[in-house]
Amino acid sequence: MSAALLDQPQARTPWHAADEAPLLAVEGLETRFTTPDGTVNAVNGINFTVRKGETVGIVGESGSGKSQVLMSIMGLLPHNGKSTGSVKLGGEEILGLPRDQLNKIRGTRMAMIFQDPMTALNPYLTVGRQLTEVLTFHQNMTQAMALEQAREILEQVHIPEAPKRLNMYPHELSGGMRQRVMIAMGMLCRPELLIADEPTTALDVTIQAEILDLLAEQQAATGTAIILVTHDLGVVAQLCDRVFVMYAGRLVEQGTVRQIFYDPQHPYTRALLSAMPRLTDDVTGDLPTIGGQPPNLARLPPGCAFAERCDHCRDACLDSVPPLRNIGTDRWTACRRDAAEFVS
Amino acid sequence: MAVSSFDAAAKLPGQNVRGVSLWQSAGRRLIRNRAAMGGLIVLTVVALLAAFGPLLSPHKYDDVFWDVPFSAPPDFANHFYFGTDANGRDLFVRTLYGARISLMVGILASMVSLIIGVVYGATAGFLGGHADNVMMRIVDIMYSLPFMFFVILLTVFFGRNIFLIFVAIGAVEWLDMARIVRGQTMSLKHREFIEAAHAFGVSGPAIIRRHIIPNILGPVMVFVTLTVPKVILLESFLSFLGLGVQEPMTSWGVLIADGARSMESAPHMLLFPATFLAVTLFSLNFLGDGLRDALDPKDR
């Protein structure tokens with residue numbers, strides 16, 4: 001890798017090149033946790049693909065299993081967690097790979113950015129050490145070469161005075177700077193897939209926008225694909241090409257950002273969107289919420305998991321889980337009813 | 001310190017980006033800590049005295065001087081700087097020979113316990129699950145072996161030897177260290193930066209070495225400074241029972257035990273070795289405290 005690491009924008013692969021083999025293909029992914037209170041079904045049979053160079057968003061409320069999807073892909077589940085199904089990166093099965101083989105992929109072909117940059121950096125290592133660790137570990141660089149490259153990447157994520165930052169400890173940097181360092185770490189080996197788990201949740205709003213711009217810029221420069229997990233629909237609207245909506249460990253709707261925002265099909269997506277406060281709203285009343293509670297993942301109902309909170313629930317919804325049905329190109333919903341029915 | 005090094009780096013933009021390791025920056029912070037540096041200097045003086053001090057005196061540690069009074073106070077004219085002991089031997093030379101044994105036992109045995117304890121404890125805590133269970137039960141079993149029985153067994157098999165004391169003490173002291181380190185590791189293991197290291201494909205041993213051990217050094221350093229005096233006292237206890245160093249060789253523990261017996265008639269026999277021990281332990285505590293502070297980057 002050279003100074004021109006991120007300076008040469010690659011022609012961005014159009015995400016709708018559907019005939020091309022996907023970068024990441026997740027099929028029938030199920031993740032279970034064995035706990036003293038029984039088995040928790042965090043992810044219940046998820047299928048999706050991520051194409052080269054595209055940004056997909058996974059949205060859903062807390063506990064909908066979106067982070068667990070990422071952890072399953074990265075092989076970072078705790079001891080009591082178990083994933084089944086298939087996760088293929090570039091056509092290669094990576095689910096259930098032994099650690100030493102997974103370690104050759106993690107950090108190089110896929111990297112992850114964590115939610116809280118305050119805790120995701122080792123407080124005892126300088127920024128330089130943390131960055132060079134990835135390089136010396138994966139690419140057998142000498143420390144001097146790695147440091148030089150670390151300096152370059154810090155400049156590419158717009159950290160001013162990069163040489164002196166290398167000798168700083170994480171607590172000497174602001175939250176936004178730390179998240180930039182995390183992104184720099186993620187981009188160091190120029191991964192094909194960057195997984196971002198709520199990368200802006202711990203930051204304030206102005207810094208959020210900068211970080212999102214930075215992610216978009218890095219993506220444009222390197223052609224990496226991004227999976228962005230968030231519960232912030234504004235972030236999704238700003239960055240993503242396609243959106244997956246998750247509820248109770250299942251995908252309930254899938255479509256482009258435009259389709260999801262302007263033509264939501266699933267009642268849950270509609271409820272989520274209406275719960276999003278807007279600047280133009282009348283601010284005197286209560287903010288709209290979704291009534292009720294998400295279902296207990298240890299005791300999922302036999303039918304649609306959202307039925308209990310859904311205004312449009314019918315008897316059929318309670319009997320069996322509604323399958324994802326195709327309602328257009330790359331457009332899926334897991335509701336038996338058509339959106340047109342809800343309007344009336 | 002921090003500011004000036006950054007200025008230096010800023011003056012040379014782009015060239016010679018240098019990394020500062022945890023130990024380098026800790027060393028710099030340690031140098032600025034006066035109490036710790038004072039402790040280090042005193043320890044160095046004591047160590048140098050132990051190594052070369054006996055050359056300052058014309059006497060040998062095991063010479064018995066029949067023509068001078070026994071248990072006599074310091075007599076500079078005849079080069080008995082610390083006086084004589086109950087058997088008419090030069091206390092100055094004996095105190096410094098005792099320093100050799102005590103420092104060697106104290107520092108070597110503590111280092112042995114430090115290295116074994118940290119590696120073992122961090123591995124057990126990091127692996128968790130069954131491996132942790134098995135490893136910690138082994139520790140429990142070793143804990144339940146009576147220490148004296150273990151030492152007697154060693155001396156029976158290998159004869160009396162100063163190195164057996166290192167082995168025996170080291171073999172016992174690392175158990176405490178391993179438990180402390182394991183506990184710290186368990187609480188660190190689920191921190192996000194460890195998860196991030198996993199996510200960047202860093203292998204288990206590298207995570208232990210680069211992420212876990214630096215983070216537990218603070219409590220470990222404090223524990224080491226507590227271990228050194230403990231080990232020095234343990235050695236004197238073994239020597240008292242006749243399992244440690246043998247006459248005419250001596251250690252601080254032995255000298256203090258002798259001195260305590262005659263402290264009313266000849267207080268100097270207690271005073272000199274006890275002062276050396278106290279000053280050494282005092283300096284060690286200062287140094288340990290300074291090291292703990294220096295190893296915490298947030299504390300600069």
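# Close-up views of a two-chain predicted model

**View 1. A short hairpin closes one side of a sheet in chain A.** Lys88(A) stands opposite Glu93(A), a residue of strand β5(A). The model is predicted. Strand β5 of chain A covers residues 92-93. Strands β4(A) and β5(A) pair in the antiparallel sense, over two bridges. Two residues lie between the strands of this hairpin. Gly90(A) takes a positive phi there, near 55°.

**View 2. Strand β4(A) also pairs with strand β1(A).** Strand β1 spans residues 24-35 of chain A, and strand β4 spans residues 81-89. How many bridges join β1(A) to β4(A)? Eight bridges do, and the two strands run antiparallel. To find one pair, start at Arg32(A): its bridge partner in β4(A) is Lys82(A).

**View 3. The four-stranded sheet of chain A.** These strands form an open sheet in the order β2-β1-β4-β5, with antiparallel pairing. Which strands lie at the edges? They are β2(A), residues 38-50, and β5(A), and each pairs on one side only. Strands β1(A) and β2(A) run antiparallel and are joined by 10 bridges. Within this pairing, Thr34(A) has Thr39(A) of β2(A) as its bridge partner. Helix α1(A) packs on the sheet and touches β1, β2 and β4 of chain A. The direction of α1(A) makes about 75° with that of β2(A). A general point helps when viewing any sheet: in a regular strand the side chains alternate between its two faces.

**View 4. The eight-stranded sheet of chain A.** Here the strand order is β6-β7-β8-β3-β9-β10-β12-β11. The sheet is open, and its pairing is mixed. The edge strands are β6(A), residues 110-113, and β11(A), residues 325-328. Each of these two strands pairs on one side only. From one strand to the next, the twist averages 25°.

**View 5. A parallel pair, and the helix that packs on its sheet.** Strand β3(A), residues 55-59, pairs with strand β9(A), residues 242-247. The pairing is parallel and runs over four bridges. Gly57(A) has Val243(A) as its bridge partner in β9(A). Helix α1(A), residues 66-74, packs on the sheet. The helix touches β3, β6, β7 (193-197), β8 (225-230) and β9 of chain A. Its direction makes about 145° with that of β7(A). Helix α1(A) also packs on the four-stranded sheet of View 3, where the strands touched are β1, β2 and β4 of chain A.

**View 6. Chain A as a whole.** How many helices and strands does chain A have? There are 12 helices and 12 strands. The radius of gyration of chain A is 21 Å, and the globule rule gives 20 Å for 344 residues. The two values are close, so chain A is as compact as a globular protein of that length. Along the principal axes, its C-alpha atoms fill a box of roughly 65 × 50 × 45 Å.

**View 7. Where chain B touches chain A.** The contact takes 29 residues from chain B and 40 residues from chain A. On the side of chain B, the elements that give two or more residues are α1 (2-11), α8 (192-199) and α9 (204-240). Which of the elements gives the largest share? Helix α8(B) does, with six residues. The residues on the chain B side divide into 15 nonpolar, nine polar and five charged.

**View 8. Helix α9(B) against helix α11(B).** These helices pack at an angle of about 170°, with their axes 8 Å apart. The angle makes α9(B) roughly antiparallel to α11(B). Residues of α9(B) in the contact include Met221(B), Val228(B), Pro229(B) and Ile232(B). From α11(B), they include Leu277(B), Leu281(B), Asn285(B) and Arg292(B). The contact residues of the pair divide into 10 nonpolar, four polar and one charged.

**View 9. Helix α3(B) crosses helix α11(B).** Helix α3(B) covers residues 34-52, and helix α11(B) covers residues 268-294. Their axes come within 8 Å and cross at roughly 140°. Is α3(B) oblique or roughly antiparallel to α11(B)? The angle makes α3(B) oblique to α11(B). The crossing is left-handed. Among the residues that α3(B) brings to the contact are Ala35(B), Gly39(B), Leu43(B) and Val46(B). Among those of α11(B) are Phe276(B), Ser283(B), Phe286(B) and Asp289(B). The residues of this contact divide into 12 nonpolar, five polar and one charged.

Note on methods. Residues numbered from 1 in each chain as written. Chains lettered and ligands numbered in written order. Predicted model: local features only at pLDDT ≥ 70, side-chain atom pairs only at ≥ 80, totals over all residues. Pairing = 2+ DSSP bridges. Axes fitted to C-alpha atoms, helices over the stretch in contact; angles between N-to-C directions. Parallel < 35°, antiparallel > 145°, perpendicular 65-115°, else oblique. Left-handed = near helix turned anticlockwise from the far one by under 90°. Contact = placed C-beta atoms within 7 Å. Nonpolar A, V, L, I, M, F, W, Y, C, P; charged D, E, K, R; others polar. Rg over C-alpha atoms; globule rule 2.2 N^0.38 Å.
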